[in-house]
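Subject: Structure handover

Hello,

Here is the structure we spoke about, with its sequence. Please look it over before reading the notes underneath.

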Amino acid sequence: MPPHGWVNLHFSLLPAWRGAAPVQAALAAGDEVTGATTFLIEPALDSGPVYGVVTERVRDTDTAGDLLGRLADSGAALLESTMDGIAEGALTAVPQPTDGVSLAPKITVESARVRWDLPAHVIDRRIRAVTPNPGAWTMIGDLRVKVGPVTVERSGDALAAGEIRVERNAVFVGTGTQPVRLGQIQPPGKKLMNAADWARGARLDESVRAS
């Protein structure tokens, strides 16, 4: 074992979002700020004393891939400065607070399924949280498709949750609140494509729903 113990880099502001998917959890929860933490490893999950933190603003259109990319850069710099500080004897690990603890379990394929009964802003966040991996998905009729980030419509006709409206250049799906506009979807065995282009080719029946 190293003389100062094992140091880890975690992509959250501990004690928030301990676990396997902290970036995804922060996005799904609508956090405005997240970050990275260096800490001393202890037996309990991500619970060790903290050496340093760096913060990162969460942007309105961030996907997990976007946010992970920025945190990888800032986190690498944080880890380097932490290791230098430990070697120089200039850093002391500080225990994590006992309040503010939250958990970020591993994302499963089932948890990436879109629930159209939820509010539109929650659906937007949850889809971005699992983009690009494992990718949000839904059933459209009996066809399972992956769904890319959506745009929440602030006006327009209401749709029931899961109801689909196809227009010339757009596809809308109803939610628990206002509709969302689909961006890209990926049918089985095909590449991501514009949702409106796919819908024109698929010639969806008006009775088909997303579920």
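The notes below cover the domains, the interface between them, and two residues.

Please keep in mind that this is a predicted model.

Domains

The domain assignment splits the chain into domain 1, residues 7-104, and domain 2, residues 109-202. Their centres, taken over C-alpha atoms, are 31 Å apart. From UniProt there is also an unreviewed entry that lists residues 106-202 as "domain: Formyl transferase C-terminal". That span is 28% strand and 19% helix, and 34 Å separate the C-alpha atoms at its two ends.

The interface

How many residues of each domain are in contact with the other? On the side of domain 1 there are twelve, and they meet seven residues of domain 2. Together the two domains bury about 680 Å², and carbon and sulfur atoms account for 54% of that area. Within domain 1, the residues that lose the most area to domain 2 are L27, A28 and T63, which together make up 48% of what that side buries.

As for polar links, six residue pairs are in polar contact across the interface of domain 1 and domain 2, with both residues at pLDDT 80 or more. The rule for salt bridges finds zero across this interface. Helices α1 (22-29) and α2 each supply at least two residues of the domain 1 side that touches domain 2. Of that side, α1 gives the most, with four residues.

S102

S102 sits in the loop between α2 (64-88) and α3 (120-129). Is S102 buried or exposed? S102 counts as buried because its relative accessibility is 19%, and the cut-off for buried is under 20%. A polar atom of the S102 side chain lies 2.8 Å from the backbone nitrogen of W17. Setting aside residues up to four places away in sequence, S102 touches P15, A16, W17 and R18.

R200

R200 belongs to helix α4, residues 195-202. With a relative accessible area of 42%, R200 is partly exposed. The side chain of R200 makes a polar contact of 2.3 Å with the side chain of D197. Apart from neighbours within four places in sequence, R200 is in contact with R168 and N169. D66 is 134 residues from R200 in sequence, and the C-alpha atoms of R200 and D66 are 30 Å apart in space.

Regards

Methods: Residues are numbered from 1 along each chain as its sequence is written. This is a predicted model: local features need pLDDT of at least 70, side-chain atom pairs count only at pLDDT 80 or more; totals for chains, interfaces and linings use all residues. Side-chain values use heavy atoms; hydrogens and water are left out. UniProt positions are given in the numbering used here, feature names are shortened, and annotations may be inferred rather than shown by experiment. Buried means under 20% relative accessible area, exposed over 50%, partly exposed in between (1.4 Å probe, protein chains only). A polar contact is a pair of N or O atoms within 3.5 Å; within protein, one must be able to donate a hydrogen and the other to accept it, and residues adjacent in sequence count only if both atoms are side-chain atoms. Contact means heavy atoms within 4.5 Å. Domain bounds come from an automatic or database domain assignment. Buried area is the accessible area (1.4 Å probe) that two parts lose on being put together, summed over both. A salt bridge is a side-chain nitrogen of Lys or Arg within 4 Å of a carboxyl oxygen of Asp or Glu.
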